[in-house]
Amino acid sequence: MVSIRNLSKSYGPLKVLRDIDVDVHEGEVVALLGSSGSGKTTLLRCVNLLENPDCGRIEISGQAIFNQSAGGDDKAGIKQKQVNTLRSRVGMVFQHFNLFPHMTVLGNVMEGPRIVLKEDDASNRKRAMEYLEKVGMADFADRMPHRLSGGQKQRVSIARALNMRPEVMLFDEPTSALDPELVGEVLSTMITLAKEGMTMLVVTHELGFALEVADRVVFLDQGTIEAEGPPADVLLHPTNERVQSFVNRFHATAELMRPLLQD
């Protein structure tokens with residue numbers, strides 16, 4: 001579903017990503033782990049071209065959306081209209097929700113299909129309500145975002161992304177801006193999507209989620225992949241010192257996840 005090869009990205013002299021190779025298969029949940037500044041969010045934003053890589057190749061469902069050698073031209077050569085079409089196939093949930101403050105919950109969820117897909121209001125509204133029901137927010141359809149909790153806002157942003165019927169969902173630390181007591185409701189929604197077979201690439205610090213839900217974890221450190229593999233191998237039996245240091249706080253978050261997984 002997603003194929004990344006030799007991807008590099010710099011900001012001036014700072015190399016953020018260095019020759020990254022990652023695959024995400026259909027129906028797979030891949031967790032991107034690493035400390036702050038390791039390049040996780042930049043990698044995620046490169047997948048839907050919110051950031052332009054310096055070089056490398058990115059494919060979505062077999063279609064090259066970026067293909068550039070170091071110092072060369074983008075051989076994929078897609079136009080802005082094609083980029084917009086791509087983004088309708090790749091849903092993204094941001095750390096800070098990014099809801100439109102002047103629109104109701106329902107209006108936020110309907111906006112993408114209305115503008116990008118030119119969908120008629122009747123079918124758009126029907127499906128938007130179905131997705132709000134799915135994330136437990138149907139009763140809040142007429143509420144304005146400022147009257148929602150952080151967890152509620154994030155669940156609305158997930159419904160908004162789903163309403164574009166994406167092939168892949170990207171999550172950029174979806175729980176990091178939430179109070180601890182609100183984390184569970186968002187993780188529960190993501191667990192439901194994973195169980196239903198949604199292809200997901202998730203930047204997260206929730207190691208319990210990575211262990212129990214992800215099919216594979218990719219650990220980044222200073223822009224390179226330090227470890228990759230099944231969650232139990234990488235998180236419970238780390239052979240890399242950086243990974244070992246990172247997972248020291250694992251057990252508490254794993255215990256937090258277990259009640260959600262048993263629901």
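Two strands are taken to pair if DSSP finds at least two bridges between them. On that basis, the predicted model contains an open sheet of 4 strands in the order β2-β1-β4-β5, with antiparallel pairing. Because β2 (14-24) and β5 stand at the edges of this sheet, each with a single partner strand, one side of each is left without a neighbour in the sheet. Neighbouring strands here are turned against each other by 15° on average, direction ignored.

Within this antiparallel sheet, strand β1 (residues 2-11) and β2 pair over 7 bridges, and one of the residues involved is Ser10, whose bridge partner in β2 is Lys15. Strand β4 (residues 55-60) is joined to strand β5 (residues 63-68) by 5 bridges, the two running antiparallel, and Glu59 stands opposite Ala64 in β5. These two strands, β4 and β5, form a hairpin with 2 residues between them, and in its turn Ser61 has a positive phi of about 50°. Helix α1 (residues 40-47) lies across β1, β2, β4 and β5, and its course makes an angle of about 120° with β1.

A further open sheet is built from 6 strands in the order β6-β7-β8-β3-β9-β10, and its pairing is mixed. Its edge strands are β6 (90-93) and β10 (224-229), each of which pairs on one side only. In this mixed sheet, neighbouring strands are turned by 15° against each other on average, again with direction ignored.

At the β6 edge, 4 bridges join β6 to strand β7 (residues 168-172), and these two strands run parallel; Val90 has Val168 in β7 as its bridge partner. Helix α2 (residues 80-89) packs on the sheet and touches β6 and β7, with a direction that makes about 70° with that of β6. Helix α5 (residues 150-162) also lies across β6 and β7, running at about 170° to β6.

The strand pairs described above are set out together below.

| Strand pair | Sense | Bridges |
|---|---|---|
| β1 (residues 2-11) and β2 | antiparallel | 7 bridges |
| β4 (residues 55-60) and β5 (residues 63-68) | antiparallel | 5 bridges |
| β6 and β7 (residues 168-172) | parallel | 4 bridges |

Taken by helix, the packing can be restated as follows: α1 lies across β1, β2, β4 and β5, whereas α2 touches β6 and β7 and α5 lies across β6 and β7.

Key:
Residues numbered from 1 in each chain as written. Predicted model: local features only at pLDDT ≥ 70, side-chain atom pairs only at ≥ 80, totals over all residues. Heavy atoms only, no water. Axes fitted to C-alpha atoms, helices over the stretch in contact; angles between N-to-C directions. Contact = heavy atoms within 4.5 Å.
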